[in-house]
Amino acid sequence: MKHHWQLHLSTILLAGSAGAVSAQDALKEIDFHGFATQSYLYSSENNFFGESSDGSFDFFELGINTLWAPTKKLKLAVQAVARDAGNTDDGSIRLDYGFLEYQLLTTSSSNTGIRVGRVVNPLGFYNESRDVAATRPGTLLPQSIYFDVNRNLALSSDGVFIFYDKFSEQNDLSFQLSIAEPRTRDPDLEPALFGTSRPGSLEGTTSWLGRVLYEHDFGKIRLALTAADLNLEYQPKNDPIIRDGDLSFQPIILSAQYNTEKWELTTEWARRKTELTNLEVLPDWKLAGTSYFLQAAYRISNSLTVQLRYDSLVWDNDDKKGEEFASNPFYPYPGYTRYAKDWTLGLRWDINQHLLISAEVHDIKGTGWLSLLENPNPAAMEKDWRLFAVTASVRF
């Protein structure tokens, strides 16, 4: 479903009108938008975005973005966000993206250009607009693909992005490729890798990410292939145990969507290779995991949509139930911390083009995408749990 108002990055970048020659006219090309979202979460067990087992209002998002097109070929896009998400995000203001785009070649049927700076990663269908509730398929994104506990790492990178868009009457094709360094300022990243926060720091190194997206008949059919090689290194500083370390994360994501007047059917499947090497003291580990979700949304009316989703995450295909992992003395956690199976039923009400309310209930087996900062004793987490979430969002 294409909403009347979207902050989808590709739409923003193509929406700027032609720049003018004078400074006064150029200033007229500055466009501002924003959003604010407040959510309430309650879980029967375990914590997600705050003390959700007692009910939590700790999930809040506020963003302001601007697009300036001083000339026909040059654009500047910036978004600043304050996000509070329990112990995984502290509400401080940071730059989600800020980049210059230059159109190298534009014809009636194609567009080729380059972006330099901090750019949103073209990851699957939803990453580019994941902060805007109006563009999310529900209150929460499918956590097996779009991990919220390590949002910054997935959201954007610092580097150079090349893009190519090809248009025709019935078919559109877009290609994006980046050479960049990933963002690593996610409080939950080190606990997820090492079991606890360390005195050193993880830093991004040269990585690449690419996506091919095909759309037929104005989005009736959408297909995408995403691949990446994200690399980080651990700088130990005064760490007495871990002297060094290299992390390689290599996902491949297949995405498909079918739209009709009433139905939106979506699926995404991911295979992830993860390698943590050169730790010196701790043993190296390499694993391959699989994630996927199946999602159906039915538009009851122009303003009311109901959704059903099944979401599956397995961290290690050779140890799907986590039994071998649970016996590892370096990670003394239950096996169900290595997977998550999530059934979600949701309802969304678009009150008008600026305001929406959504609610959903999750029935979950496993804790594979929960934060260790919010659940510091994994052995105390429950395998079977439920999560209720409701969101009110305004956009302008």
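1. The surface of this predicted model carries a nonpolar patch formed by Tyr-164, Leu-173, Phe-175, Leu-177, Ile-179, Trp-208, Val-212, Leu-225, Ile-252, Leu-254 and Trp-269, whose accessible area together is about 910 Å². Three strands each supply at least two residues of the patch: E7 (171-182), E8 (201-216) and E10 (246-259). E7 provides the largest share, with four residues.

2. Leu-254, one of the patch residues, belongs to strand E10. Is Leu-254 buried or exposed? Its relative accessibility is 43%, and Leu-254 therefore counts as partly exposed. The patch may be read against a general tendency. In soluble globular proteins, nonpolar side chains tend to be buried together.

3. The interior should be considered next. The largest nonpolar core has 19 residues, and those that touch the most other members are Leu-41, Phe-48, Phe-49, Leu-140, Trp-369 and Leu-387. Strands E13 (304-314), E14 (339-350) and E16 (384-395) are the elements that give two or more residues to this core. The most comes from E16, which gives three residues. Another core, of 15 residues, lies apart from the largest one and includes Tyr-126, Ala-154, Leu-230 and Phe-293.

4. Leu-41 merits a separate remark. Which residues does Leu-41 contact, leaving aside neighbours within four places in sequence? Its partners are Phe-48, Phe-49, Ser-52, Gly-55, Ser-56, Phe-59, Leu-140, Leu-387, Phe-388 and Ala-389. Among these contacts, Phe-48, Phe-49, Leu-140 and Leu-387 are also listed with Leu-41 as core residues that touch the most other members.

5. Strands E2 (residues 56-68) and E3 (residues 74-85) are paired in the antiparallel sense, with 10 bridges. A hairpin of five residues connects E2 to E3. Within this pair, Leu-62 is positioned opposite Ala-82 in E3. E3 is also joined by 10 bridges to strand E4 (residues 90-106), and these two strands run antiparallel. Here Ala-77 stands opposite Phe-99 in E4. The hairpin of E3 and E4 has four residues between the strands, and in it Gly-86 adopts a positive phi near 60°.

6. Strand E15 (residues 355-365) shows an alternating pattern of side chains. On one face, Leu-356, Ser-358, Glu-360, His-362 and Ile-364 are buried. Leu-355, Ile-357, Ala-359, Val-361, Asp-363 and Lys-365 point to the other face and are not buried. E15 has strand partners in both E14 and E16. It runs antiparallel to E14, with 10 bridges between them, and a hairpin of four residues joins E14 to E15. Lys-341 stands opposite Lys-365 in E15. The pairing of E15 with E16 is antiparallel as well and has 11 bridges, with Ile-357 opposite Ala-392 in E16.

7. The salt bridges should also be noted; the count comes to 19. In one of them, the side chains of Asp-96 and Arg-151 meet at 2.5 Å, N to O. Why does this pair tie together parts that are 55 residues apart in sequence? Asp-96 lies in strand E4 whereas Arg-151 lies in helix H3 (residues 151-155), so the salt bridge ties together those separated parts. Both Asp-96 and Arg-151 are buried. These two residues also belong to a network of salt bridges that links Glu-61, Arg-83, Asp-89, Arg-94, Asp-96, Arg-130, Asp-131, Arg-136, Asp-148, Arg-151 and Arg-183.

8. A second example of a salt bridge involves Arg-115 and Glu-101, whose side chains meet at 2.9 Å, N to O. Because Arg-115 lies in strand E5 (residues 110-120) and Glu-101 in strand E4, the pair ties together parts that are 14 residues apart in sequence. Arg-115 and Glu-101 are both buried.

9. A further salt bridge joins Asp-363 to Arg-386, with the closest N and O atoms 3.2 Å apart. Asp-363 is in strand E15 and Arg-386 in strand E16, so parts 23 residues apart in sequence are tied together. The relative accessible area of Asp-363 is 32%, which means that Asp-363 is partly exposed. Arg-386, at 52% relative accessibility, counts as exposed, because the cut-off for an exposed residue is over 50%.

Methods:
Residues are numbered from 1 along each chain as its sequence is written. This is a predicted model: local features need pLDDT of at least 70, side-chain atom pairs count only at pLDDT 80 or more; totals for chains, interfaces and linings use all residues. Side-chain values use heavy atoms; hydrogens and water are left out. A nonpolar core is a set of buried Ala, Val, Leu, Ile, Met, Phe, Trp, Tyr and Cys residues joined through side-chain atoms within 4.5 Å. Buried means under 20% relative accessible area, exposed over 50%, partly exposed in between (1.4 Å probe, protein chains only). Contact means heavy atoms within 4.5 Å. Patches are made of residues with over 30% relative accessible area and no salt bridge: like charges are joined within 9 Å, nonpolar side chains (Val, Leu, Ile, Met, Phe, Trp, Tyr) within 5 Å. Accessible areas come from the Shrake-Rupley method with a 1.4 Å probe; for residues, only the protein chains shown count as cover. A salt bridge is a side-chain nitrogen of Lys or Arg within 4 Å of a carboxyl oxygen of Asp or Glu. Two strands pair if DSSP finds at least two bridges between them.
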